[in-house]
Amino acid sequence: MCSIIAYASCNCNDVSSILLDSLSLLEYRGYDSVGIAVLNGSSISVRKGVGNVKDVNRKHRLEELVGSIGIGHTRWATHGSISDLNAHPHTSCDGRIAIVHNGIIDNYLELREGILKDHSFKSETDSEVIAHMLEHLLSRHKDIKDVMVALLRLLHGSYAFVALLNDGTLVGSRHNEPLIVGVVPSANSILYHYANRKKYNDVFCSSCFISSDVLAFIKYTDKAIFLSNDEFFILRPIKHGYRLSIYDAEGNKIGKQITQIAWELSSYVIDKGKYAHYTLKEIHEQEYTIARALCSKINHEFITRLIDARRVIVTGSGSSYNASLYAKHLLARVGVNIDACIASEVRYSSISIDSNDVLLAISQSGETADLLDAVRYAKSKGCKILSIVNVNTSSLVRESDYFTSINAGPEIGVAATKSFTAQLAVIYKVASLIAHENNSNYDYSIYYYDSLSSAISKGVRDIIAREHLLSSIADTIKDVNDIYVIGKGVNHIIALEGALKLKELAYIHAEAINAGELKHGPLALIDNSRSSVVIALNVKDNTYKDVINNVKEVKARGGYVIGISDCYEYKECYDVMLDLPSIYDTNERDCGFVNAISYESLAYPVYQCIPLQLLAYNIAVKKNYNPDYPRNIAKSVTVT
Ligand code: F6R
């Protein structure tokens, strides 16, 4: 999605290089064009263009802009084509205001054709109206605070924006899009000794960042202020620094807490280590992230709310929706009355929601607009909100009554990998805790999760060690047109996730099919032309024999089948088989794997998922696609 960065410093005249560095860190969110605006004296210069940060900088020399205050943006087109002119920042007619914006201004046409009919627009974007509205309102109000109050009354839609004024002031606000201020305290400032719960009316700082993502500034400061919906900030230059003030929509100054962000976030973002791509690094990290997720602290209230709810609606988008299906599968088995619904459908679903229900929202970023919309809709119906989330500073966490972190660390690759398996691990733990709460005969001691973690970590290591085989399978299938991933029961959920990875990383049409449904239609697509292949998820659970029969149906029609399995009994049915480690290598009784939610309910989904991630990654690399930044999609989808 689009990303915003603004930086003001009293002791640096080279803000452009810091803006560019931050924008590169935000590229993982998705982008198609890049730009910055920097103030020098009283003149604002803008440079921008289509492409990634490195290429646009090479072509338009963004880094040469000199000044101590500036704004930057990576755009992911929604209104208007991908072009240099539509890239942000956008400026007012008089060039004295430059803005960057995320989200969608719903009433931009109305504003363009009404109040702003005498203004000349340079782009097709909705965003540009913000620069012109500010220019219009500045000609009517003396005080920038009154301008902001008037502006927020006129803007409809979802937005986070920052405007740079040519007197050195920065202003900005948000509505349903994230905007976070990072402050670097002045020497001797009270902020050096800031108190955690204290609220500050004015913050004095030597430099200040404003961004849509803390990753953009965590290298420079760990002190952040999270703006709430409809609040706005004014950052004014003062002697030896800046004064930051925050106001509510009516223009009343409000006190804000300063949050200390975990420094360890920074070490994740700096480099890919020994790996060619973040995606590969994150796939490998699963050996640790699943174990860490199993150690996540889960609030007792989180569990009892799920048990006591008349009904739970579990929701998410993309991979997080696939995790929601897993939650539905496991939680139903421990007696929770649960329905799953795609986040963008919650508002339109026939499931009626009221205050007896609980919405369980699952998300990596916690910023997905469709999900936040579902959360706000459910809240308006009186529902309690529980969430399972990776980014603990996200909007979703702030909107939730209770949340559980999956502790996967920042995920930079656009495709969800380690966050998905960490979600599965947390859901598994939630289901086991519910089983324990409902029937204390099931003993889920810490010892149990420790043993489970080490058994799964070992399995993940063993699968990753088979990467050479996956690479040769990738060679065989990289040019096919279609891949059908079949599975039954919980394995079908992993088929959905695998098909999603193949689409987004390898750009191959891939479809998950319930294995038993092949004969009800999809078999018509199978022939011996090798333009399509079938991947059968076929572990040694109660679906094994059925799926073997489905594999035979495909083979009888000349289809090519790749088996992913831990069972060798019918190995000859597949054209090639990727063998999974046996989940029972470990002495399960010694490990205490005796419970309602068996060890295999987590181990099998995880073990089948990782080869599919590696396959999609290897195909992408062989086809020269960048797996970290797949075309057309974004990490954090902040538009509905
Ligand atoms: C798939 C993928 C997306 C996200 C979806 C939800 O690999 O990354 O489908 O899963 O956009 O994002 P979060 O989990 O951040 O809400």
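In the predicted model, Tyr7, Phe209, Phe217 and Tyr220 come together as one aromatic cluster. Aromatic pairs in the structure number seven in total, and one of them joins Tyr7 to Phe209 in a stacked arrangement, with 4.3 Å from centre to centre and 20 degrees between the planes. Because Tyr7 belongs to strand β1 (residues 3-9) and Phe209 to strand β11 (residues 202-211), this pair ties together parts of the chain that stand 202 residues apart in sequence. Both partners are shielded from the surface by the accessibility criterion: Tyr7 is buried, with a relative accessible area of 6%, and Phe209 is likewise buried, at 0% relative accessibility.

Phe209 also takes part in a second pair within the cluster, with Tyr220 as its partner; the ring centres lie 5.1 Å apart and the planes meet at 20 degrees, so this pair, too, is classed as stacked, given that planes under 30 degrees apart count as such. Here the link runs from strand β11, which holds Phe209, to the loop between β11 and β12 (223-226), which holds Tyr220, and the two residues are eleven residues apart. Whereas Phe209 is buried at 0% relative accessibility, Tyr220 is partly exposed, with a value of 30%.

Aromatic rings are also involved in contacts with charged side chains. The charged end of Arg112 is placed over the ring of Phe121, at 4.1 Å from the ring centre. In another such contact, Arg631 lies over the face of Tyr507, and the distance to the centre of that ring is 3.9 Å.

Enclosed space was examined as well. A search of the whole structure yields three cavities of 30 Å³ or more, and the largest of these contains about 70 Å³ of space. The lining of this largest cavity draws on residues from several stretches of the sequence, namely Cys2, then Arg75, Trp76, Ala77, Thr78 and His79, followed by His88, His101 and Gly103, and finally Thr125, Asp126 and Ser127. By residue class, the lining of the largest cavity comprises seven polar, three nonpolar and two charged residues. Cys2, Trp76 and Ala77 are among the lining residues and fall in the nonpolar class, while Arg75 and Asp126, also in the lining, belong to the charged class.

Key
Residues numbered from 1 in each chain as written. Predicted model: local features only at pLDDT ≥ 70, side-chain atom pairs only at ≥ 80, totals over all residues. Heavy atoms only, no water. 1 Å grid on protein atoms, 1.4 Å probe; cavity = no way out; pocket = protein on both sides within 12 Å on 5 of 7 lines; lining within 4 Å. Points joined across faces, edges and corners; volume = space filled by probe spheres on them. Phe/Tyr/Trp six-rings, centres within 6.5 Å; stacked < 30°, edge-to-face > 60°. Helix = DSSP H or I, 4+ residues; strand = E, 2+ residues; numbered from the N terminus. Buried < 20%, exposed > 50% of the residue type's maximum accessible area, 1.4 Å probe, protein only. Lys NZ or Arg CZ within 6 Å of the ring centre and 35° of its normal.
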